[in-house]
Structure formats: C-alpha cells, structure tokens
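Hi everyone, thanks for making room for me on the agenda. I'd like to walk you through a structure that's new to most of us, so let's get it up on the screen.

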Amino acid sequence: MKPLSRRQLLIATLYSVILPTPPVLLAATVRHKTEHTFAATLGAFVDMILPADAFSPAATQLGIDQSLWQLADSDANLNKLLIRGCGWLNREAFGNFVTLPDSHKLELLQWMDQSASPRRLPGLFFMHVRYHAVSFYYASEHIHQTLGLTPPQPIGYPEIGQRKR
Amino acid sequence: MNNTSPFDVIIVGSGAGGSAAAYGLTQAGYNVLMLEAGPRFNPATDYPLSNADWELSRFPLKPGSQGQYTFAPMQKLEPRWQHLRSKNTINGYLSNQETRIPSDAGYHHVRGLGGSTLQFTGESHRLHQDAMNMHSRFNVAADWPLSYQDLMPYYNQAEKLIGVAGDTHIVGRDYTGASLLPPHPFADTSRILQRGAAKLGLHWQANNRAALSHSYDGRPSCNYCHNCNRGCPRGDKGSADVTFIRRASLTNRLTIKTDLSVIKLENDGNQKISGVICGNHAGQRFSFSAPIIILACGAIETPRLLLNSADTHSPEGLGNESGQVGQHFMETLSWTLTGMSDAPLQTFKGLPADGICWDFNAPDSIPNIIGGCRFSSTTAEADLSGPVNYARRLVAGWGAEFKASMRQQFGQAVSVGAIGESLPNAGSFIDLDATTQDEHGLALAQIHSFLPDTELKRLEFMAQQCSNILQASGITEIVESYGSYDLFSSTHVFGTCRMGYDPLTSVTNPVGRSHRWQNLYICDASLFPSSGGGESPSLTIEALALRMASSL
C-alpha cells in the first residue's frame, strides 16, 4: 500500500465514480479551449468565496482563478474537476453562472458548502476549489500586507527574544 | 575489494547518528568516508522562508531526498475508539477510510546531508532513566544494555557541541556536568498553556532545544521565526550539517559523498564485512572498503539494507541469524489538539515546542498504563505558522464573513501535543516488500504497524490530558485533533536492530557492534530497546554514536 494523503485518497476514490475520463479532454488544445470557456465561470465562483471588502481585493483581482488553472495544468484530475464543476455551475444557472444574480449565487454556494455530499461533483468541486483558492489567496504578498505580515525570514520575530523568561 | 582503502571507517547515512559518529571518529584521528543517499541542502538558498508563498510547502523536496517504502494494510478502525479519530473544522474526519492509513508520507524523514535533523524541531531530550528498564520493571520491550550514567558524558558532549538551550532540572535525569545555553523565552502558546497546566497542578517548563538562545560557535542566535520544520536558513538550529558534520569536516579527515545509495554490504563469509556496493541515479556502481563499517540509516533503512544484503553466507540477511532484524518496530504515538483562543494572540511567532510538561514521562506515571508520555506546545508542528493553514483547516466558511473571521482569528490557534511511549508488539515490524523495488532493483522496506489496546489506552490518556490542558487554559473551541489511531504519522521510529547482550534476542552488542560481523556497527534509533516516554530521540542517538566512536 502506497501512502496517500486524504486529498489524494478522495480524488483517487471519487474521480473514477463521478468523473469518468472523457478522452477528448486529454488533448491539450481542447483543454485550453475549455478552460477559456469556463474562465469567467471559475472567476465568478472564486470571487464568491473570496470577495473584495474594505480591506482586501477579490480573488480574481489577485489572479487566484489563473493560479487554479495553472495548477490544473499539472494535475489532470483537478483539471477535470474544474471543467466539470464549471459546467455544472452553468447548468444550474440555466446557462451562465456569471450572470446569475448574487443572491442566487449565494444560495447555490450555501447549498454546495452545507448540503452537497463531498462524494458528489458539487460538494467535491466546492471543497477543492475553496482549498486551493484560499491557499493561493492567503499566500499572496498583498494579503499578507493587509494582515500586517511579512515572511518569517530574514527578520523573524526578534521581539519574542526580548521577552523575559 | 582491496586493503588499500584510504578510509578507516565508512559511515552509511549522515543524520543524527552518522554525523555524530563521524565527529567522534575524525576527532580521534580516523579517516572517515560518509555515504549519503540524498542530496546536499544549502540552508541559505534551499529554505525559502523569505518568499511570500513560503507557507505553500513544508521542508523542500529535492531529487532523491525522500526514501521509498510501502505499508502493509493496517488495522480496521473500531467504533469504540471513535473519539480518537482525527478531525478538523473544515473537513470533518481527516480519513474516510475503514482502516488506519498513512498520513501523507507516513514516515516523515529527509534523505540528505544531515538527514532528518534538517527538518526536525530540534528537541534535545535525554531519556528518563526509568524508561531504560522496561522489561525488568514491567515485562515489556527490552532493557537497555547500558545505564543512563553510561550515556551521561556523551549527552553532555553532544549538548555542548550542538549548543542546546534549556533546563537542567528535569525529573528522571541527572545533568551533572552539563553546560546548556539559557532557555528561550516562552512564546504565546506556551504562555497560555503554562497557565492552564498550573491550574491542573502540572509543571510546564522550558523545553531543551537545539536552537541557540545566543550566538555560539560562530552561529547566530535564533530569531524566533517559528519554522524549524521547514529548515533553518540561519544555521542557529542544531541540525547535523551545521554542527557535527561541519566540525568533522574541519579535521580534513571526513570525505562526504552524497546522492550515492549503499545497495549492498559484502562480507568475507566469515566474520567481516569486506565493503559496500553503491549506486547512483545514473545507474553506475561503485565499491568502497574500510576496516570498519557503520550503518546509520534509521530504523526503516538500516534493517532494509541488512535484509537486502542476504547472500549464501547470511541467507536471512546480515546480522539476522536470530531473526531479529526488522522486529520490535516502534513508531511515534502522538496526539495534537488545537483550539482557538478568544484572546488576541500571535501564536505564529516564537520557537516551536518551547515549553514542555514532563509530569507523565516516567513509565509508571499514567494510572493503570505502562509507559509514559510528555506534553508540549505544538502550534508550529501543527503547521499553524501562517494564514494559509488557518484558511485550509481551521476557519470555516467563505465570503466576506470568512475573510473577517480570518482577520480576527489568525494568530489565535493554540496547539498542545503529546508523544508517548511506543511499545513493541508482534504486529509491528519492518520487512522487505517482495513486489516493489527501487531504482537499483532492491526490494523496498515495508512498514507493518499495529496499535494494540494497550497503546490506544495510552493514546486515549494523552488525548484527554491535551483536552484538559486546553480547557484549563481557557480554550474551549476545539478546531482540530490529529492522532495516531487512524493516521500513521511518524517522525521518530525505533527498535528494528535492537542492541543487547544476547545474540538470540538482539542484533548488536551494547556498543552497537553486530553480534556476528565483527567490524559492522549500527548507530541509529534502530538500536533502541525501548522508545522512552515520548522523548525526541536525536540527542540519545548522538550520545550513542559518540559513545560508540569512543570505543573504537
């Protein structure tokens, strides 16, 4: 038995069931075209997860959606999930998730988060996109600035050393 | 093989044991060849803690820096131990499997010059004296064939060379002759936990750490960046590369060859190992010989090498005349509990594992359970050093409310962890996986791990005490628990080439020399007859290696 992370395990178990491989998606050119089709959909979705507020920008303003597609370039399973998930979002929106009123988007995301099974496409898509989107978002220098953070090195946190034992 | 080798000793492996042996031997005038399967790491360039996206990876991977191994199927999970399942706010249960599984790599190690000390936290623990006589006192594991007093001068030597900072008043240890650096100040996690522990009548004290509390030996003091496990770019952490290996190299008696795996030990058919056969990633083969061969590959790879070196003179594997090689495997029995404080804290700052409670460390200190444990601050080991992991694991939700929660809660996670004694049992051992080979065509090690009820009861105690400590610290919102019951996750592994007096029940003598092969030595945690009550093993491995080197 090879060691698997929970994430790998979920993907290995679930993709074969709910995301049978469409051979057409294996072609890079087709993939590129499909990504283009769903780029706006994914952008709108990650902006619902990480919207702009008074302190920090929305996910797409930091290119988080692009980072997800780039990650998917080297992860075929993630690529399939993004394409299938965006397709599902558009179908749920009767054509285009981007143009769905925000209140309806909110309802849809709430259902995906709280009610959808993580073993089915909507729940799996939500879980993985959230995971990667928040990872890229909170790894960005821009967000670190809003939190008053700098990388751990080279300065460290010398104020801790000034404390008394 | 020939007798014209320029080397007096070949050391296989460069972690805690191999590096300390190299230091001791080069100081004594021996010419040493150190063979390391992994690459060199450059602390200044390989540990990207200055980059904005530093949190997206842990200790860096390089080609060849991870060993390969497999796991035998592990035990079925049972409803009666459901409360020991790992879970967090975001994902619920971290494993959806019906059996215990490895967590990520499972065996967390580094192949590289310095070995796993490159990524270790740097706890520098001496064993509790009572934990060295588990068989005679409790009829479990085996007794150490040496006493604490035998090891004490080597503990002192290793601590001084590394620059250990900490406390010399620890129950169950004699620190006579020790010279430690001053302990580090507590960061927020330990400040909180110390107060909670005190309410329970527990003693929370400075942990002994291989991190400099002031500049020492040409190395700078720690700047409290909280990321020892991602590699220390400053060199203040006492990993083997900047301590033992650096000092050994200054003698000009140490030759280091990296990216070279030893794939077989050759013998003369009688009592001597005649040399080693190595291979590189390009498929080339090399051979080296020396009068003395020392294995320091750790408790997974050392038995694997011995078993893979079987030949007509040693058909069951070198040193395995009594079937002991690979037996008595002991792992890291651990529990980590994380809660979210209401108070504004910055627990992402400071020295990891700066505080510790030894009150349950003695082997008879847990009621009705054999084997001890310890508790320490583990916010860093839980990888809660930056906002990414808060967002991934602890702070639920999405949208504007989620972002506001992140701003409010970042820095307020407090983790307390426990590591306990791991007692050997018949279901835990290392053997060869007959179906899977490495790039050299050699069978991989297969890890068999089983946790009997006796282990799970100790784990249950550890989990309950972690909960008690957090609660007494005023933290009631639990956001993550992570433990050994459902997820195999070991940094410390032990026992697979046990030392002892009797060749029928051990692989080496009390110095670490093979009972049969008179020039073959072992100096890693595979020698341990028992694991101790949660002590991190690197300092004891180093002390054993220095002791062995002084005996040659």
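Okay, let's start with chain A. There are 8 helices and 0 strands in chain A, so reading from the N terminus on you just get α-α-α-α-α-α-α-α. Before I go further, please keep in mind that this is a predicted model.

A bit more on chain A itself. Of its 165 residues, 50% are buried. If you take the contacts in chain A between residues at least 6 apart in sequence, 66% of them join residues at least 24 apart. The accessible surface of this chain is about 8,200 Å², and carbon and sulfur atoms account for 56% of that.

Now, the place where the two chains meet. People often give the size of an interface as the accessible area lost when the parts come together. Here, the area buried between chain A and chain B is about 4,500 Å², with 60% of it from carbon and sulfur atoms. How many residues does each chain bring to the contact? Chain A puts in 50 residues and chain B puts in 57 residues.

What about the polar side of this contact? Between chain A and chain B there are 21 residue pairs in polar contact, counting pairs with both residues at pLDDT 80 or more. Which parts of chain A are involved in touching chain B? The elements that give two or more residues to that side are α1 (6–18), α2 (28–49), α5 (102–114), α6 (121–138), α7 (141–146) and α8 (158–161) of chain A. The largest share comes from α6(A), with 9 residues. And if you sort that side of chain A by class, you find 31 nonpolar, 8 polar and 11 charged residues.

There are also 4 salt bridges between chain A and chain B. One to look up on your screen is Asp53(A) with Lys403(B), where the closest N and O atoms are 3.8 Å apart.

Let's stay with salt bridges for a minute. Over all chains, the count comes to 27. I've picked a few within chain B.

Take Asp486(B) and Arg85(B), whose closest N and O atoms are 3.5 Å apart. This pair links distant parts of the chain: Asp486(B) sits in the loop between β19 (477–483) and β20 (487–490) of chain B, Arg85(B) sits in the loop between β3 (69–71) and β4 (87–88), and the two are 401 residues apart. Are these residues buried or exposed? Asp486(B) has a relative accessible area of 0%, so it's buried. Arg85(B) is at 9%, and that counts as buried because the cut-off is under 20%.

Next, Arg100(B) and Glu331(B). Their side chains meet in a salt bridge at 2.6 Å, N to O. Arg100(B) is in the loop between β5 (92–93) and β6 (101–107) of chain B, and Glu331(B) is in the loop between α7 (298–308) and β13 (333–340) of chain B, so this pair ties together parts that are 231 residues apart in sequence. Arg100(B) is buried at 0% relative accessibility, and Glu331(B) is buried at 3%.

The third pair is Arg173(B) with Glu535(B), at 3.0 Å from N to O. Arg173(B) lies in the loop between α4 (148–162) and α5 (188–199) of chain B, while Glu535(B) lies in the loop between β21 (520–522) and α11 (538–551) of chain B, so here the parts tied together are 362 residues apart in sequence. Both Arg173(B) and Glu535(B) are buried. And then there's a network: Arg111(B), Glu301(B), Arg304(B) and Asp438(B) are joined by salt bridges that share partners.

Last topic, the backbone. Most residues other than glycine have a negative phi, and most peptide bonds are trans. So where does this model depart from that?

Back in chain A, the peptide bond from Gln153(A) to Pro154(A) is cis, with omega near 10°. Pro154(A) is in the loop between α7 and α8 of chain A.

Over in chain B, His226(B) isn't a glycine, yet it has a positive phi of about 80°. You'll find His226(B) in the loop between β7 (204–206) and α6 (244–249) of chain B, and it counts as buried at 5% relative accessibility. Ala353(B) isn't a glycine either, and its phi is positive too, at about 50°. Ala353(B) sits in the loop between β13 and β14 (355–357) of chain B, and at 2% relative accessibility it's buried.

That's my tour, thanks for listening!

Key
Residues numbered from 1 in each chain as written. Chains lettered and ligands numbered in written order. Predicted model: local features only at pLDDT ≥ 70, side-chain atom pairs only at ≥ 80, totals over all residues. Heavy atoms only, no water. Contact = heavy atoms within 4.5 Å. Buried area = accessible area lost by both parts, 1.4 Å probe. Polar contact = N/O pair within 3.5 Å; in protein donor to acceptor, adjacent residues only side chain to side chain. Helix = DSSP H or I, 4+ residues; strand = E, 2+ residues; numbered from the N terminus. Nonpolar A, V, L, I, M, F, W, Y, C, P; charged D, E, K, R; others polar. Buried < 20%, exposed > 50% of the residue type's maximum accessible area, 1.4 Å probe, protein only. Areas by Shrake-Rupley, 256 points an atom, 1.4 Å probe, with all protein chains shown as cover.
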